[in-house]
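Trainee: Could you take a close look at the salt bridges in this model with me? I would also like to see the parts around them.

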Protein chains: 2
Amino acid sequence: MKEIKVGLIRVVTTTNEKVLNAHASLLTSRFKNLDIETKCIPNQPEGIHDAETEKIAVPKIINLAKDFESKGADVVFISCAADPGVEECRRLLNIPVIGAGSACAIMAQSLGNKVGVLGITEEAPEVMVKILKEKFVCSIKPEGVNTTLDLFKEEGRANALKAAGMLKEKGCDTIALACTGMSTINVHEDIRENIKIRVIDPVLAAGVIMSYLQF
Amino acid sequence: MKEIKVGLIRVVTTTNEKVLNAHASLLTSRFKNLDIETKCIPNQPEGIHDAETEKIAVPKIINLAKDFESKGADVVFISCAADPGVEECRRLLNIPVIGAGSACAIMAQSLGNKVGVLGITEEAPEVMVKILKEKFVCSIKPEGVNTTLDLFKEEGRANALKAAGMLKEKGCDTIALACTGMSTINVHEDIRENIKIRVIDPVLAAGVIMSYLQF
(Lines give C-alpha, C1' and ligand atoms only; values in the text may rest on other atoms or scores of the structure.)
Protein backbone atom coordinates (compact mmCIF):
# COMPACT_ATOMS: atom_id res chain seq x y z
CA MET A 1 0.00 0.00 0.00
CA LYS A 2 1.40 3.37 -1.03
CA GLU A 3 2.48 5.51 1.92
CA ILE A 4 1.14 9.06 2.10
CA LYS A 5 3.23 11.72 3.86
CA VAL A 6 0.92 14.08 5.73
CA GLY A 7 1.85 17.43 7.25
CA LEU A 8 -0.72 17.96 10.00
CA ILE A 9 -1.28 21.43 11.41
CA ARG A 10 -2.83 21.83 14.88
CA VAL A 11 -4.29 25.28 15.43
CA VAL A 12 -3.92 25.16 19.19
CA THR A 13 -0.57 25.70 20.84
CA THR A 14 0.56 22.90 23.13
CA THR A 15 3.78 21.42 24.43
CA ASN A 16 1.92 18.32 25.66
CA GLU A 17 3.03 15.66 23.18
CA LYS A 18 -0.09 13.54 23.72
CA VAL A 19 -2.42 16.46 23.00
CA LEU A 20 -0.24 17.60 20.09
CA ASN A 21 -0.35 14.18 18.45
CA ALA A 22 -3.98 13.36 19.27
CA HIS A 23 -5.25 13.81 15.71
CA ALA A 24 -2.30 12.01 14.16
CA SER A 25 -2.89 9.09 16.56
CA LEU A 26 -6.59 8.99 15.70
CA LEU A 27 -5.74 8.93 11.99
CA THR A 28 -2.93 6.38 12.08
CA SER A 29 -5.04 4.02 14.20
CA ARG A 30 -7.57 3.90 11.33
CA PHE A 31 -5.50 4.55 8.20
CA LYS A 32 -2.42 2.37 7.99
CA ASN A 33 -0.85 4.19 5.03
CA LEU A 34 -0.69 7.70 6.51
CA ASP A 35 2.76 8.78 7.73
CA ILE A 36 2.01 11.92 9.75
CA GLU A 37 4.11 14.71 11.17
CA THR A 38 2.31 17.21 13.39
CA LYS A 39 3.16 20.85 14.11
CA CYS A 40 1.16 23.43 16.05
CA ILE A 41 0.93 27.17 15.60
CA PRO A 42 2.74 29.25 18.24
CA ASN A 43 1.18 31.44 20.93
CA GLN A 44 -2.47 30.37 20.70
CA PRO A 45 -3.08 28.10 23.71
CA GLU A 46 -6.86 28.52 23.33
CA GLY A 47 -6.78 27.77 19.61
CA ILE A 48 -9.24 29.31 17.15
CA HIS A 49 -12.70 30.07 18.47
CA ASP A 50 -13.76 33.37 16.87
CA ALA A 51 -12.96 35.70 13.95
CA GLU A 52 -10.09 37.43 15.75
CA THR A 53 -8.29 34.24 16.81
CA GLU A 54 -8.77 32.91 13.26
CA LYS A 55 -7.28 36.01 11.67
CA ILE A 56 -4.09 35.95 13.71
CA ALA A 57 -3.68 32.20 13.10
CA VAL A 58 -3.71 32.27 9.28
CA PRO A 59 -0.16 33.59 8.62
CA LYS A 60 1.20 31.06 11.13
CA ILE A 61 -0.66 28.27 9.35
CA ILE A 62 0.68 29.34 5.95
CA ASN A 63 4.25 29.24 7.32
CA LEU A 64 3.84 25.71 8.64
CA ALA A 65 2.17 24.54 5.41
CA LYS A 66 4.98 25.91 3.23
CA ASP A 67 7.49 24.25 5.52
CA PHE A 68 5.75 20.88 5.19
CA GLU A 69 5.66 21.16 1.39
CA SER A 70 9.36 22.06 1.21
CA LYS A 71 10.15 19.00 3.32
CA GLY A 72 8.36 16.63 0.91
CA ALA A 73 4.84 16.18 2.30
CA ASP A 74 2.28 14.70 -0.14
CA VAL A 75 -0.60 16.59 1.48
CA VAL A 76 -1.18 19.22 4.17
CA PHE A 77 -4.05 18.76 6.61
CA ILE A 78 -5.22 21.81 8.57
CA SER A 79 -7.00 20.20 11.48
CA CYS A 80 -9.60 22.85 12.32
CA ALA A 81 -13.27 22.89 11.36
CA ALA A 82 -13.17 26.55 10.33
CA ASP A 83 -10.73 25.65 7.51
CA PRO A 84 -8.46 28.56 8.55
CA GLY A 85 -5.89 29.30 5.88
CA VAL A 86 -7.05 26.47 3.62
CA GLU A 87 -7.93 28.73 0.68
CA GLU A 88 -4.74 30.77 1.13
CA CYS A 89 -2.56 27.64 1.29
CA ARG A 90 -4.26 26.17 -1.79
CA ARG A 91 -3.23 29.25 -3.74
CA LEU A 92 0.40 29.01 -2.53
CA LEU A 93 1.09 25.26 -2.47
CA ASN A 94 1.31 22.66 -5.23
CA ILE A 95 0.29 19.72 -3.04
CA PRO A 96 -3.32 19.12 -1.91
CA VAL A 97 -4.49 21.04 1.16
CA ILE A 98 -7.30 19.50 3.20
CA GLY A 99 -9.34 21.34 5.83
CA ALA A 100 -11.21 19.51 8.56
CA GLY A 101 -14.35 21.63 8.14
CA SER A 102 -14.75 21.17 4.41
CA ALA A 103 -13.85 17.47 4.68
CA CYS A 104 -16.51 16.98 7.36
CA ALA A 105 -19.17 18.89 5.43
CA ILE A 106 -18.37 17.02 2.21
CA MET A 107 -18.73 13.66 3.92
CA ALA A 108 -21.92 14.76 5.70
CA GLN A 109 -23.59 15.94 2.50
CA SER A 110 -22.51 12.77 0.69
CA LEU A 111 -23.97 10.45 3.32
CA GLY A 112 -26.87 12.43 4.76
CA ASN A 113 -29.87 14.46 3.72
CA LYS A 114 -30.62 16.62 6.76
CA VAL A 115 -27.44 17.69 8.48
CA GLY A 116 -27.11 19.30 11.89
CA VAL A 117 -23.83 20.96 12.82
CA LEU A 118 -22.46 20.55 16.33
CA GLY A 119 -19.63 22.97 17.11
CA ILE A 120 -18.21 25.33 19.69
CA THR A 121 -19.24 28.64 18.09
CA GLU A 122 -22.67 30.31 17.92
CA GLU A 123 -22.73 30.04 14.13
CA ALA A 124 -21.63 26.99 12.15
CA PRO A 125 -18.35 27.48 10.24
CA GLU A 126 -19.11 29.33 7.01
CA VAL A 127 -17.22 26.80 4.89
CA MET A 128 -19.43 24.00 6.19
CA VAL A 129 -22.72 25.80 5.63
CA LYS A 130 -21.59 26.68 2.10
CA ILE A 131 -20.90 23.04 1.25
CA LEU A 132 -24.00 21.63 2.96
CA LYS A 133 -26.28 24.12 1.15
CA GLU A 134 -29.93 23.01 1.36
CA LYS A 135 -28.96 19.98 3.46
CA PHE A 136 -27.96 22.24 6.36
CA VAL A 137 -30.72 22.19 8.99
CA CYS A 138 -29.24 24.15 11.91
CA SER A 139 -26.26 24.35 14.21
CA ILE A 140 -25.98 24.09 17.94
CA LYS A 141 -23.26 24.69 20.54
CA PRO A 142 -23.15 22.59 23.73
CA GLU A 143 -23.94 24.62 26.87
CA GLY A 144 -20.82 25.99 28.55
CA VAL A 145 -18.50 24.99 25.71
CA ASN A 146 -16.71 28.00 24.24
CA THR A 147 -13.22 26.78 23.37
CA THR A 148 -11.78 23.39 22.47
CA LEU A 149 -10.44 23.16 26.05
CA ASP A 150 -13.98 23.13 27.53
CA LEU A 151 -14.58 19.83 25.72
CA PHE A 152 -11.97 18.09 27.87
CA LYS A 153 -14.15 18.59 30.96
CA GLU A 154 -16.72 15.90 31.82
CA GLU A 155 -19.49 18.51 31.63
CA GLY A 156 -18.42 19.52 28.13
CA ARG A 157 -18.70 15.96 26.84
CA ALA A 158 -22.09 15.47 28.53
CA ASN A 159 -23.43 18.70 27.05
CA ALA A 160 -22.15 17.73 23.59
CA LEU A 161 -24.24 14.56 23.85
CA LYS A 162 -27.27 16.58 24.96
CA ALA A 163 -26.85 18.95 22.02
CA ALA A 164 -26.61 16.00 19.62
CA GLY A 165 -29.93 14.74 20.98
CA MET A 166 -31.50 18.12 20.24
CA LEU A 167 -30.27 17.98 16.63
CA LYS A 168 -31.91 14.57 16.24
CA GLU A 169 -35.15 15.94 17.68
CA LYS A 170 -35.03 18.70 15.07
CA GLY A 171 -35.17 16.03 12.35
CA CYS A 172 -31.49 15.75 11.41
CA ASP A 173 -30.41 12.36 10.05
CA THR A 174 -26.70 13.22 10.26
CA ILE A 175 -24.54 15.28 12.61
CA ALA A 176 -21.40 16.99 11.34
CA LEU A 177 -18.98 17.80 14.16
CA ALA A 178 -17.62 21.31 13.72
CA CYS A 179 -14.66 21.28 16.10
CA THR A 180 -11.69 18.95 15.90
CA GLY A 181 -11.48 19.09 19.70
CA MET A 182 -14.48 16.74 19.44
CA SER A 183 -12.19 14.35 17.56
CA THR A 184 -9.60 14.65 20.34
CA ILE A 185 -12.19 13.43 22.88
CA ASN A 186 -13.59 10.88 20.39
CA VAL A 187 -17.14 12.02 21.12
CA HIS A 188 -18.49 10.79 17.76
CA GLU A 189 -18.64 7.20 19.06
CA ASP A 190 -20.53 8.26 22.19
CA ILE A 191 -23.03 10.19 20.11
CA ARG A 192 -23.54 7.38 17.60
CA GLU A 193 -24.09 4.81 20.32
CA ASN A 194 -26.21 6.90 22.69
CA ILE A 195 -28.21 9.06 20.29
CA LYS A 196 -28.39 6.50 17.43
CA ILE A 197 -27.60 8.90 14.64
CA ARG A 198 -24.95 9.06 11.91
CA VAL A 199 -22.08 11.31 13.00
CA ILE A 200 -19.28 12.67 10.86
CA ASP A 201 -16.01 13.27 12.67
CA PRO A 202 -13.94 16.01 10.99
CA VAL A 203 -10.54 14.36 11.47
CA LEU A 204 -11.74 10.96 10.24
CA ALA A 205 -13.49 12.62 7.28
CA ALA A 206 -10.19 14.26 6.33
CA GLY A 207 -8.45 10.90 6.74
CA VAL A 208 -10.89 9.29 4.34
CA ILE A 209 -10.32 11.99 1.72
CA MET A 210 -6.53 11.85 2.13
CA SER A 211 -6.66 8.06 1.79
CA TYR A 212 -7.67 8.57 -1.86
CA LEU A 213 -4.05 9.60 -2.51
CA GLN A 214 -2.96 5.95 -2.25
CA PHE A 215 -4.45 5.33 -5.73
CA MET B 1 -13.33 -3.88 10.70
CA LYS B 2 -17.05 -3.19 10.30
CA GLU B 3 -18.51 -4.68 7.12
CA ILE B 4 -20.51 -2.37 4.88
CA LYS B 5 -23.25 -3.88 2.71
CA VAL B 6 -23.34 -2.07 -0.63
CA GLY B 7 -26.05 -2.30 -3.26
CA LEU B 8 -24.29 -1.40 -6.51
CA ILE B 9 -26.34 -0.36 -9.53
CA ARG B 10 -24.84 -0.66 -13.02
CA VAL B 11 -26.61 1.52 -15.57
CA VAL B 12 -25.66 -0.65 -18.51
CA THR B 13 -27.48 -3.90 -19.20
CA THR B 14 -25.25 -6.97 -19.42
CA THR B 15 -25.48 -10.69 -18.86
CA ASN B 16 -21.68 -10.99 -18.91
CA GLU B 17 -20.88 -11.65 -15.24
CA LYS B 18 -17.36 -10.25 -15.53
CA VAL B 19 -18.58 -6.97 -17.01
CA LEU B 20 -21.47 -6.83 -14.55
CA ASN B 21 -19.17 -7.24 -11.55
CA ALA B 22 -16.30 -5.09 -12.86
CA HIS B 23 -16.94 -2.16 -10.49
CA ALA B 24 -17.58 -4.43 -7.50
CA SER B 25 -14.29 -6.22 -8.23
CA LEU B 26 -12.43 -2.93 -8.50
CA LEU B 27 -13.86 -1.80 -5.16
CA THR B 28 -13.38 -5.02 -3.22
CA SER B 29 -9.76 -5.27 -4.40
CA ARG B 30 -9.08 -1.94 -2.66
CA PHE B 31 -11.62 -1.79 0.17
CA LYS B 32 -11.65 -4.94 2.26
CA ASN B 33 -14.75 -4.07 4.27
CA LEU B 34 -17.20 -3.59 1.40
CA ASP B 35 -19.61 -6.49 0.82
CA ILE B 36 -21.10 -5.69 -2.59
CA GLU B 37 -24.07 -7.01 -4.53
CA THR B 38 -24.43 -5.71 -8.11
CA LYS B 39 -27.56 -5.37 -10.23
CA CYS B 40 -27.96 -3.78 -13.64
CA ILE B 41 -30.92 -1.97 -15.16
CA PRO B 42 -32.82 -3.91 -17.84
CA ASN B 43 -32.94 -3.17 -21.58
CA GLN B 44 -30.15 -0.59 -21.90
CA PRO B 45 -27.19 -2.44 -23.46
CA GLU B 46 -25.54 0.89 -24.39
CA GLY B 47 -26.03 2.36 -20.93
CA ILE B 48 -26.59 6.08 -20.35
CA HIS B 49 -24.95 8.44 -22.78
CA ASP B 50 -27.41 11.29 -23.36
CA ALA B 51 -30.48 12.97 -21.86
CA GLU B 52 -32.92 10.46 -23.38
CA THR B 53 -31.09 7.34 -22.20
CA GLU B 54 -30.76 8.96 -18.75
CA LYS B 55 -34.49 9.71 -18.54
CA ILE B 56 -35.61 6.17 -19.27
CA ALA B 57 -33.05 4.75 -16.85
CA VAL B 58 -34.15 6.66 -13.73
CA PRO B 59 -37.32 4.69 -12.83
CA LYS B 60 -35.38 1.45 -13.28
CA ILE B 61 -32.64 2.73 -10.98
CA ILE B 62 -35.18 3.72 -8.31
CA ASN B 63 -36.67 0.21 -8.40
CA LEU B 64 -33.29 -1.42 -7.87
CA ALA B 65 -32.34 1.01 -5.10
CA LYS B 66 -35.59 0.38 -3.19
CA ASP B 67 -35.01 -3.34 -3.57
CA PHE B 68 -31.48 -3.07 -2.14
CA GLU B 69 -32.73 -1.06 0.84
CA SER B 70 -35.51 -3.53 1.58
CA LYS B 71 -32.94 -6.34 1.56
CA GLY B 72 -30.76 -4.65 4.20
CA ALA B 73 -28.10 -2.71 2.27
CA ASP B 74 -26.21 -0.05 4.29
CA VAL B 75 -25.67 2.13 1.24
CA VAL B 76 -26.67 2.27 -2.44
CA PHE B 77 -24.06 3.17 -5.04
CA ILE B 78 -25.27 4.29 -8.47
CA SER B 79 -22.20 3.65 -10.60
CA CYS B 80 -22.63 6.30 -13.30
CA ALA B 81 -20.92 9.68 -13.55
CA ALA B 82 -24.16 11.45 -14.47
CA ASP B 83 -25.57 10.59 -11.01
CA PRO B 84 -28.82 9.37 -12.64
CA GLY B 85 -31.56 8.93 -10.07
CA VAL B 86 -29.31 9.88 -7.15
CA GLU B 87 -31.44 12.85 -6.06
CA GLU B 88 -34.67 10.88 -6.54
CA CYS B 89 -33.34 7.91 -4.53
CA ARG B 90 -32.13 10.21 -1.74
CA ARG B 91 -35.66 11.50 -1.35
CA LEU B 92 -37.11 7.97 -1.21
CA LEU B 93 -34.53 5.97 0.77
CA ASN B 94 -33.37 6.18 4.38
CA ILE B 95 -29.88 4.82 3.71
CA PRO B 96 -27.12 6.89 2.05
CA VAL B 97 -27.14 7.03 -1.76
CA ILE B 98 -23.80 7.68 -3.48
CA GLY B 99 -23.41 8.70 -7.12
CA ALA B 100 -20.16 8.14 -9.02
CA GLY B 101 -20.24 11.61 -10.59
CA SER B 102 -20.69 13.58 -7.38
CA ALA B 103 -18.19 11.35 -5.55
CA CYS B 104 -15.61 11.96 -8.27
CA ALA B 105 -16.20 15.71 -8.35
CA ILE B 106 -16.05 15.95 -4.55
CA MET B 107 -12.73 14.14 -4.43
CA ALA B 108 -11.34 16.21 -7.33
CA GLN B 109 -12.26 19.52 -5.72
CA SER B 110 -10.86 18.36 -2.37
CA LEU B 111 -7.50 17.36 -3.83
CA GLY B 112 -7.07 19.69 -6.81
CA ASN B 113 -7.30 23.33 -7.78
CA LYS B 114 -7.76 23.24 -11.56
CA VAL B 115 -9.86 20.31 -12.62
CA GLY B 116 -10.36 18.97 -16.12
CA VAL B 117 -13.21 16.57 -16.78
CA LEU B 118 -12.65 13.62 -19.10
CA GLY B 119 -15.89 11.91 -20.14
CA ILE B 120 -17.83 10.42 -23.01
CA THR B 121 -20.30 13.27 -23.59
CA GLU B 122 -19.80 16.67 -25.24
CA GLU B 123 -20.60 18.46 -21.99
CA ALA B 124 -19.35 17.41 -18.55
CA PRO B 125 -22.06 15.95 -16.29
CA GLU B 126 -24.02 18.82 -14.74
CA VAL B 127 -23.65 17.41 -11.22
CA MET B 128 -19.86 17.45 -11.54
CA VAL B 129 -19.64 21.01 -12.88
CA LYS B 130 -21.94 22.17 -10.07
CA ILE B 131 -19.68 20.67 -7.40
CA LEU B 132 -16.40 21.76 -8.99
CA LYS B 133 -17.60 25.37 -9.36
CA GLU B 134 -14.68 27.72 -10.01
CA LYS B 135 -12.24 24.80 -9.98
CA PHE B 136 -13.75 23.45 -13.22
CA VAL B 137 -11.47 24.32 -16.14
CA CYS B 138 -13.01 22.48 -19.10
CA SER B 139 -14.18 19.07 -20.27
CA ILE B 140 -13.07 16.93 -23.14
CA LYS B 141 -14.30 13.75 -24.83
CA PRO B 142 -11.82 11.31 -26.43
CA GLU B 143 -12.14 11.17 -30.21
CA GLY B 144 -14.43 8.40 -31.42
CA VAL B 145 -15.73 7.57 -27.92
CA ASN B 146 -19.48 8.04 -27.68
CA THR B 147 -20.66 5.24 -25.39
CA THR B 148 -19.06 3.26 -22.59
CA LEU B 149 -18.61 0.38 -25.06
CA ASP B 150 -16.22 2.44 -27.25
CA LEU B 151 -13.78 2.54 -24.31
CA PHE B 152 -13.26 -1.21 -24.53
CA LYS B 153 -11.60 -0.82 -27.94
CA GLU B 154 -7.83 -0.22 -28.06
CA GLU B 155 -8.42 3.03 -29.96
CA GLY B 156 -10.80 4.28 -27.24
CA ARG B 157 -8.18 3.79 -24.53
CA ALA B 158 -5.45 5.46 -26.62
CA ASN B 159 -7.68 8.44 -27.36
CA ALA B 160 -8.59 8.76 -23.67
CA LEU B 161 -4.87 9.08 -22.92
CA LYS B 162 -4.48 11.69 -25.66
CA ALA B 163 -7.40 13.69 -24.27
CA ALA B 164 -5.87 13.56 -20.78
CA GLY B 165 -2.68 15.04 -22.22
CA MET B 166 -4.69 17.90 -23.69
CA LEU B 167 -6.25 18.65 -20.29
CA LYS B 168 -2.78 18.85 -18.76
CA GLU B 169 -1.68 21.23 -21.53
CA LYS B 170 -4.66 23.44 -20.69
CA GLY B 171 -3.23 23.87 -17.17
CA CYS B 172 -5.29 21.33 -15.23
CA ASP B 173 -3.60 19.87 -12.14
CA THR B 174 -6.23 17.17 -11.69
CA ILE B 175 -8.40 15.10 -14.03
CA ALA B 176 -11.83 13.88 -12.94
CA LEU B 177 -13.00 10.90 -15.00
CA ALA B 178 -16.63 11.37 -15.95
CA CYS B 179 -17.57 7.87 -17.08
CA THR B 180 -17.42 4.74 -14.95
CA GLY B 181 -16.57 2.78 -18.11
CA MET B 182 -13.15 4.37 -17.57
CA SER B 183 -13.05 2.60 -14.22
CA THR B 184 -13.94 -0.68 -15.94
CA ILE B 185 -10.86 -0.35 -18.17
CA ASN B 186 -8.77 1.01 -15.26
CA VAL B 187 -7.52 3.88 -17.41
CA HIS B 188 -6.73 6.13 -14.43
CA GLU B 189 -3.48 4.26 -13.78
CA ASP B 190 -2.40 4.61 -17.44
CA ILE B 191 -3.13 8.33 -17.34
CA ARG B 192 -1.32 8.89 -14.04
CA GLU B 193 1.77 7.03 -15.20
CA ASN B 194 1.93 8.34 -18.76
CA ILE B 195 0.66 11.89 -18.39
CA LYS B 196 1.99 12.46 -14.83
CA ILE B 197 -1.11 14.10 -13.47
CA ARG B 198 -3.46 13.42 -10.54
CA VAL B 199 -6.51 11.48 -11.73
CA ILE B 200 -9.71 10.82 -9.84
CA ASP B 201 -11.47 7.58 -10.72
CA PRO B 202 -15.23 7.81 -10.09
CA VAL B 203 -15.67 4.27 -8.73
CA LEU B 204 -12.68 4.53 -6.39
CA ALA B 205 -13.85 7.98 -5.24
CA ALA B 206 -17.22 6.46 -4.33
CA GLY B 207 -15.41 3.62 -2.55
CA VAL B 208 -13.46 6.11 -0.45
CA ILE B 209 -16.63 7.95 0.55
CA MET B 210 -18.49 4.71 1.34
CA SER B 211 -15.52 3.57 3.43
CA TYR B 212 -16.41 6.33 5.93
CA LEU B 213 -19.37 4.18 6.98
CA GLN B 214 -17.02 1.83 8.84
CA PHE B 215 -16.70 4.45 11.60
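Mentor: Happy to; we will start with the charged pairs and then move out to the sheet, the domains and the chain contact.

First, some reading notes. This is a predicted model, in which local features need pLDDT of at least 70 and side-chain atom pairs count only at pLDDT 80 or more, while totals for chains, interfaces and linings use all residues. Residues are numbered from 1 along each chain as its sequence is written, chains are lettered from A and ligands numbered from 1 in the order in which they are written, and side-chain values use heavy atoms, leaving out hydrogens and water.

Searching the whole structure gives 14 salt bridges over all chains. The term stands for a side-chain nitrogen of Lys or Arg within 4 Å of a carboxyl oxygen of Asp or Glu. Side chains of opposite charge can pair when their charged atoms come close.

Let's begin in chain A, where A:R90 and A:E87 meet in a salt bridge at 3.8 Å, N to O. These two residues are about one helical turn from each other because they are 3 residues apart in helix α4 (residues 86-92) of chain A. Helices here are DSSP runs of H or I with at least four residues, strands are runs of E with at least two, and both are numbered from the N terminus. An α-helix has 3.6 residues a turn, so residues three or four places apart point the same way. A:R90 counts as buried, at 11% relative accessibility, whereas A:E87 is partly exposed at 45%. Buried means under 20% relative accessible area, exposed over 50% and partly exposed in between, using a 1.4 Å probe and protein chains only.

Chain B has a pair with these residue numbers too: B:R90 and B:E87 form a salt bridge, with 3.8 Å from N to O. They sit 3 residues apart in helix α4 (residues 86-92) of chain B, about one helical turn. B:R90 is buried at 11% relative accessibility, and B:E87 is partly exposed at 45%.

Another bridge in chain B joins B:K71 to B:E37 at 3.4 Å, N to O. B:K71 lies in the loop between α3 (51-70) and β3 (75-78) of chain B and B:E37 in strand β2 (residues 34-40) of chain B, so this pair ties together parts that are 34 residues apart in sequence. Both are partly exposed, B:K71 at 45% relative accessibility and B:E37 at 36%.

Back in chain A, A:E189 makes a salt bridge with A:R30, their closest N and O atoms being 3.0 Å apart. Helix α2 (residues 22-30) of chain A has as its buried residues A:A22, A:H23, A:A24, A:L26 and A:L27. Among the elements covering them are β1 (4-10), α8 (181-184) and α10 (202-211) of chain A.

Helix α9 (residues 187-195) of chain A lies across β5, β7 and β8 of chain A, at about 160° to β7(A). Such angles run from 0 to 180 degrees between N-to-C directions, with axes fitted as lines to C-alpha atoms, for helices over the stretch in contact. The open sheet of 4 strands in chain A has the order β6-β5-β7-β8 with parallel pairing. Its edge strands, β6 (136-140) and β8 (198-200), each pair on one side only, and the twist averages 25° from one strand to the next. Pairing requires at least two DSSP bridges between two strands; β5 (residues 115-119) and β7 (residues 174-178) of chain A pair in the parallel sense over 5 bridges.

Now the domains, whose bounds come from an automatic or database domain assignment. In chain A they are domain 1 (4-100 + 205-214) and domain 2 (102-202), with centres 20 Å apart over C-alpha atoms. Contact, meaning heavy atoms within 4.5 Å, involves 21 residues of domain 1 and 25 of domain 2. The two domains of chain A bury about 1600 Å² between them, 62% of it from carbon and sulfur atoms. Buried area is the accessible area (1.4 Å probe) that two parts lose on being put together, summed over both. Across this domain interface there is 1 salt bridge.

How many salt bridges lie between chain A and chain B? The count is 0. Even so, 29 residues of chain A are in contact with 29 of chain B, and about 2600 Å² is buried between the chains, 62% on carbon and sulfur atoms. On the chain A side, A:L111, A:Y212 and A:F215 lose the most area to chain B, together 29% of what that side buries.
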